[in-house]
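Open the model in your viewer and keep the selection tool ready. We will go stop by stop.

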Amino acid sequence: MTHGADGRVVVVGAGIAGQQVAFGLREQGYAGAVALVGDEPGAPYERPPLTKAYLRGDIGPDELEPRPAELYRRERIDLVRARAERIDRAGRTVVLDDGRRLPYDRLVLATGARNRPLRAPGGDLEGVFSLRTRREADALREALAGAGSIVVAGAGFIGLEFAAAVSAHGHKATIVESRARPLGRAVSAHTAAHFTSLHERHGTGFVFGEEVAALHGDRAGRVREVELTDGTVLPADLVLAAVGAAPDTRLAEGAGLPVDDGVAVDARLRTRDPRVLAVGDCASMAPASGTGPRLRLESVQNALDQASYAAERLARPDEGEDAPPYGRLPWFWSDQYDSSLQIAGLAAGHDRAVLVGDGDEAFSVLLYRRGALAAVESVNRPADHMAARRLLAEGRAPTPEQAAAPDFSLRAFARAGG
Ligand SMILES: Cc1cc2nc3c(=O)[nH]c(=O)nc-3n(C[C@H](O)[C@H](O)[C@H](O)COP(=O)(O)OP(=O)(O)OC[C@H]3O[C@@H](n4cnc5c(N)ncnc54)[C@H](O)[C@@H]3O)c2cc1C
């Protein structure tokens, strides 16, 4: 069955979420026109390898691109390489920076997030990099060839994965982090400690509890030193600013749509204007229950699942309030050296942690919030991760006491039906 043969969907942002909305519409049998507007040069690509295999040089640019150009033609997805400057909601038109105007019946904002700049004097010196786009990864790859001392500001996933990737070429980075441990509130203390010692074993240095106060350069304007808040000076000829990202809400704000740490959407991913949806890193979603905090996630799973959900809704425009709210379980992964971390659920705010496994090279941590299982972190235990996803999705869980038993197995618990 085909739907909406006369319609026209415009998707702004050709990242993973935008691509998935466009192709998801075709998977849903949507027969109307689909335009995907992206402002980055080249073919749409995926970001995760930029801190991993691509940075190490193990894969080339083609392997970043999940879909060949031919597929866009075959699926009649009009890939528009331009920047969307403005939304004319009254006229249902997107205005591009090259003057073109794209009419829409439904509009999806998939504008993603932008890296926060390093707000310190000297943050704009040559040799100071950011890592989010393929272009930035290419610049880094080139600069790394001649780099000596490397400093990373921020021990989040990007900073840690970068340090792991460059160590494959013999570079030992120093990571400066304002908190007392890496990965902020995204993981438990046990998992944070695992990644700290893993990196230290590979030669990465950490300075916790300090921030970059200033960067000093030479006469040519190239960075040479990083000064920390305690006065320590680190030599540096390459600095990566990995201090987090902020949602790109400019288009939504310009169009008068509410923004609240992201483009504000309801539990069906609709902005206040029901013709305009938002998905992925840029979207801040209201809880389905109507009460509680909004949720904005920066992960591939969230981008893909929200995009698939939006495509389903757009292909069935008559459902309205009958459509089930978005409700996919969040999960995430990160690869560093030979440690593969997978997280099911959301760890933030947990008040109890139970360790399962050998606790060193392969383990899972079950995280409870007010007695309920909130998340499971698994390091090199993919079967535990799959079991955790199943349990969390089904609303089943071992009690903390069950999980703490010496012979406890998450897989066996999931298989046994709880
Ligand atoms: C280096 C790196 C490594 C990562 N690794 C992992 C990982 O291992 N696991 C994981 O789960 N997640 C990872 N992530 C996060 C993940 O990549 C993001 O959550 C995901 O890419 C979000 O997709 P998105 O489509 O919502 O946004 P984005 O990927 O940010 O795409 C948005 C696109 O919209 C474009 N755009 C914005 N405004 C306009 C406009 N007005 N007109 C036209 N185009 C516009 C932007 O230029 C961009 O191309 C990583 C991120 C980075 C940067």
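## Stop 1: the first annotated domain

Select residues 8-307, which an unreviewed UniProt entry lists as "domain: FAD/NAD(P)-binding". Keep in mind that you are looking at a predicted model. Over residues 8-307, the chain is 23% helix and 27% strand. Now find the two ends of that span: their C-alpha atoms are 17 Å apart.

## Stop 2: a sheet of three strands

Stay in this selection and pick strand 4 (84-88) and strand 6 (101-103). Which strands are the edges of this sheet? Strand 4 and strand 6 are, as each pairs on one side only. The sheet is open, its order is 4-5-6, and its pairing is antiparallel. From one strand to the next, the twist averages 20°.

Add strand 5, residues 93-96. How many bridges join strand 4 to strand 5? There are four, and the two strands run antiparallel. Click on Ala84 to see one facing pair: Leu96 in strand 5 stands opposite. In general, strands of a sheet pair through backbone hydrogen bonds, either parallel or antiparallel.

## Stop 3: two loop residues

Select Arg76. Its place is in the loop between helix 3 (69-74) and strand 3 (77-81). Check the backbone angle phi there: for Arg76 the value is near 55°, which is positive in a residue other than glycine.

Next, jump to Leu269. This residue is found in the loop between strand 18 (263-265) and strand 19 (276-278). Phi of Leu269 is also positive, near 65°, and again the residue is not glycine.

## Stop 4: the ligand

Now select the ligand and show what lies around it. How many residues surround the ligand? The shell has 35 residues, and the closest are Asp39, Glu40, Arg47, Lys52 and Asp281.

Several elements each supply at least two residues of this shell. Color them one by one:

- helix 1 (16-27)
- strand 2 (33-38)
- helix 5 (157-167)
- helix 8 (300-315)
- strand 21

Zoom in on three polar contacts. At Glu40, an N or O atom of the side chain is 2.5 Å from an oxygen atom of the ligand. At Arg47, a side-chain N or O atom is 2.7 Å from a ligand oxygen atom. At Ile16, look at the backbone instead: an N or O atom there lies 3.2 Å from an oxygen atom of the ligand. How much of the ligand does the protein cover? On its own, the ligand has 1,000 Å² of accessible area, and the protein covers 95% of that.

## Stop 5: the second annotated domain

Select residues 331-413. The UniProt listing, from an unreviewed entry, is "domain: Reductase C-terminal". This span is 25% helix and 41% strand, and its end C-alpha atoms lie 20 Å apart.

Look for an open sheet of five strands. Its order is 21-22-25-24-23, with antiparallel pairing. Strand 21 (331-336) and strand 23 (352-357) are the edges, each pairing on one side only. Neighbouring strands are turned by 15° against each other on average, direction ignored.

Pick strand 23 together with strand 24, residues 363-369. Six bridges join these antiparallel strands. Click on Ala353: Leu367 in strand 24 stands opposite.

## Last stop: a helix across the sheet

Select helix 9, residues 382-394. Which strands does helix 9 lie across? They are strand 21, strand 22 (339-345), strand 24 and strand 25 (372-379). Finish by lining up helix 9 with strand 22: the helix runs at about 5° to this strand.

Definitions and conventions
Residues are numbered from 1 along each chain as its sequence is written. This is a predicted model: local features need pLDDT of at least 70, side-chain atom pairs count only at pLDDT 80 or more; totals for chains, interfaces and linings use all residues. Side-chain values use heavy atoms; hydrogens and water are left out. UniProt positions are given in the numbering used here, feature names are shortened, and annotations may be inferred rather than shown by experiment. Two strands pair if DSSP finds at least two bridges between them. Axes are lines fitted to C-alpha atoms, for helices over the stretch in contact, and angles run from 0 to 180 degrees between N-to-C directions. Contact means heavy atoms within 4.5 Å. A residue is near a molecule or strand if one of its heavy atoms lies within 4 Å of it. A polar contact is a pair of N or O atoms within 3.5 Å; within protein, one must be able to donate a hydrogen and the other to accept it, and residues adjacent in sequence count only if both atoms are side-chain atoms. Accessible areas come from the Shrake-Rupley method with a 1.4 Å probe; for residues, only the protein chains shown count as cover.
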